[in-house]
Amino acid sequence: MTVNERATRALKEILQKPGNDTCADCGAPDPEWGSCSLGVFICLGCSGIHRNLPNVGKVKSVTLSRWEDSEVKFMAENGNKTMKAKYEAVVPVYYYKPSHKDCQVLREQWIRAKYERKEFTEEFVETGGKLPYEQEMREGQLMKRGRDNGQFLSRRFVLFERDGTLKYYTKHDSKVPKAVIKVDTINATFQPEKIGNPNGLQITYRKDYCTRNIFLYHESSKEIVDWFNSVRAVQFHYMKVAFPGASDAELKPRLTRNFLKEGYMEKTGPRQTEGFKKRWFTLDRRLLMYFKDPLDAFAKGEVYLGHRDLGYSAKAGLPAGTHCNGAWQHGITIETPDRNFLFTCESEAEQQDWLTHFNAVIATSMSPQEYSMEALFKRKH
């Protein structure tokens with residue numbers, strides 16, 4: 001057995017230890033790379049980010065690279081569990097810890113915050129380090145997409161912890177904000193592909209009983225992720241006041257979240273005699289929104305998905321006699337107490353994926369806030 005074969009066998013044994021079977025940074029299963037400068041096992045995607053960290057970025061393949069005996073010993077003495085206890089000792093509840101399914105910018109800034117800036121170590125706190133997300137007021141310029149012309153222009157944004165608002169101004173010296181958004185109505189999710197920028201961030205909030213979309217980016221990946229986590233920090237502090245008896249674990253799901261599913265379907269109108277038209281759909285918790293274009297500021301319509309005991313259901317197929325003029329033939333019928341909604345999907349796989357999400361939502365018990373939202377939708381429609 002060669003020296004390298006011995007090292008590979010030893011590393012594979014170390015990988016069997018608790019915590020080493022998933023990536024130390026994003027949780028992806030079966031990591032095949034190791035940081036011999038940090039003592040953690042990581043996935044291929046995160047290894048590329050580590051390589052760009054000049055002082056802590058020495059990474060090697062578990063099976064393909066040559067390992068020194070001292071490096072193997074270092075990995076055995078440390079490992080993911082030990083290093084997480086050091087580098088993730090004091091991660092704030094509100095801070096978004098990305099998974100392997102999240103975009104590059106989130107994973108990169110998480111890794112840089114952990115190992116490069118060491119923001120979540122006890123040493124950082126003991127030496128008086130201040131997190132950039134915990135400010136009474138955060139102010140800066142972000143590129144915002146125009147609602148009507150689609151152009152991205154620089155706008156001044158101000159986030160206030162005290163009154164729980166996010167404001168933006170069309171001009172740098174404007175006294176009156178263009179919009180005042182309450183943080184408890186905000187969702188924020190990174191959408192690099194949709195926006196066409198690796199740092200693209202979508203903010204949604206309720207305005208006049210409708211969902212309003214704002215599309216933003218900043219040239220600095222650190223700056224846009226800092227804004228994202230600052231919004232979550234203000235939301236968390238607001239929730240602590242609004243729900244004083246709630247635990248951190250109960251409040252965390254109320255912060256920003258990723259959409260359950262997005263994509264194109266075709267739909268027909270309320271009379272179900274109109275032609276099927278292609279629309280972009282977004283499923284956000286119990287709210288199914290549809291848009292003419294993925295970057296529209298307002299939804300053309302919204303469907304609220306209540307619990308199945310209240311008369312909501314989703315099933316494959318369309319009612320008998322439905323005239324399906326579109327190119328897509330894989331139908332879905334959503335039944336609500338007020339009316340049925342008919343959709344078609346491009347493929348059976350897409351149809352089944354949408355149905356899985358719809359039925360999971362419909363089977364989930366409703367919170368008091370969701371009962372209120374359902375009643376609001378019934379009055380509105």
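Which strands each supply at least two residues of the lining of the largest cavity? I started there. The answer is β4 (137–145) and β10 (210–217).

**Model and confidence**

I am working on a predicted model. I looked up the confidence before anything else in the list below. The mean pLDDT of the protein is 93, and 98% of its residues reach 70 or more. I then went through the elements. Helix α10 (residues 348–363) has the highest mean pLDDT, at 98. Helix α11 (residues 368–380) has the lowest, at 84. I keep α11 in mind, as this helix returns in the pocket entry.

**Overall**

I counted the secondary structure: 11 helices and 17 strands. The C-alpha trace spans about 75 × 55 × 45 Å along its principal axes. I also checked burial. Of the 381 residues, 49% count as buried.

**Annotated stretches**

I took the domain limits from UniProt, where the entry is unreviewed. It lists residues 8–132 as "domain: Arf-GAP". Under "domain: PH" it lists residues 135–236 and 258–363.

I computed the make-up of two of these stretches. Residues 8–132 are 41% helix and 7% strand. Their end C-alpha atoms are 41 Å apart. Residues 135–236 are 20% helix and 45% strand. Here the end C-alpha atoms are 13 Å apart.

**Cavities**

I found 3 cavities of 30 Å³ or more. The largest holds about 50 Å³ of space. I listed its lining next. From one part of the chain come K144, R145, G146 and R147. R212, N213, I214 and F215 also line this cavity. L295, D296 and A297 complete the list. I asked which element gives the most to this lining. It is β10, with 4 residues.

**Largest pocket**

I moved on to the open space. The largest pocket holds about 910 Å³. Of the 28 residues that line this pocket, D184, R257, R285, Q369 and M373 are the closest to its centre. I noted the elements that each supply at least two lining residues: β9 (201–207), α8 (221–242), β13 (287–291) and α11. Helix α8 gives the most, with 4 residues. For α11, I repeat the caution from above: its mean pLDDT of 84 is the lowest among the elements.

**Helix α3**

I looked at which side of α3 (residues 69–77) is buried. The buried residues are E71, V72 and M75. They sit on the same side of the helix because they cover an arc of only 100 degrees around the axis. The face turned away from that buried side carries D69, S70 and K73, which are exposed. I then followed the chain past the helix. G79 comes after α3, and its phi is positive, near 90 degrees.

**E250**

I ended with one residue. Where does E250 lie? It lies in helix α9 (residues 248–251). I checked what its side chain reaches. It reaches the backbone nitrogen of S247 at 2.8 Å. I also took the separation of E250 from R308. The two are 58 residues apart in sequence. In space they are 24 Å apart, C-alpha to C-alpha.

Technical notes
Residues are numbered from 1 along each chain as its sequence is written. This is a predicted model: local features need pLDDT of at least 70, side-chain atom pairs count only at pLDDT 80 or more; totals for chains, interfaces and linings use all residues. Side-chain values use heavy atoms; hydrogens and water are left out. UniProt positions are given in the numbering used here, feature names are shortened, and annotations may be inferred rather than shown by experiment. pLDDT is the predictor's confidence in each residue, from 0 to 100. Buried means under 20% relative accessible area, exposed over 50%, partly exposed in between (1.4 Å probe, protein chains only). The arc is that of the directions from the helix axis to the C-beta atoms. A polar contact is a pair of N or O atoms within 3.5 Å; within protein, one must be able to donate a hydrogen and the other to accept it, and residues adjacent in sequence count only if both atoms are side-chain atoms. On a 1 Å grid over the protein atoms alone, a cavity is a set of points where a 1.4 Å probe fits but cannot get out, and a pocket is an open set with protein on both sides within 12 Å along at least five of seven lines; lining residues have an atom within 4 Å of a point. Grid points are joined across faces, edges and corners, and a volume is the space filled by probe spheres set on the points.
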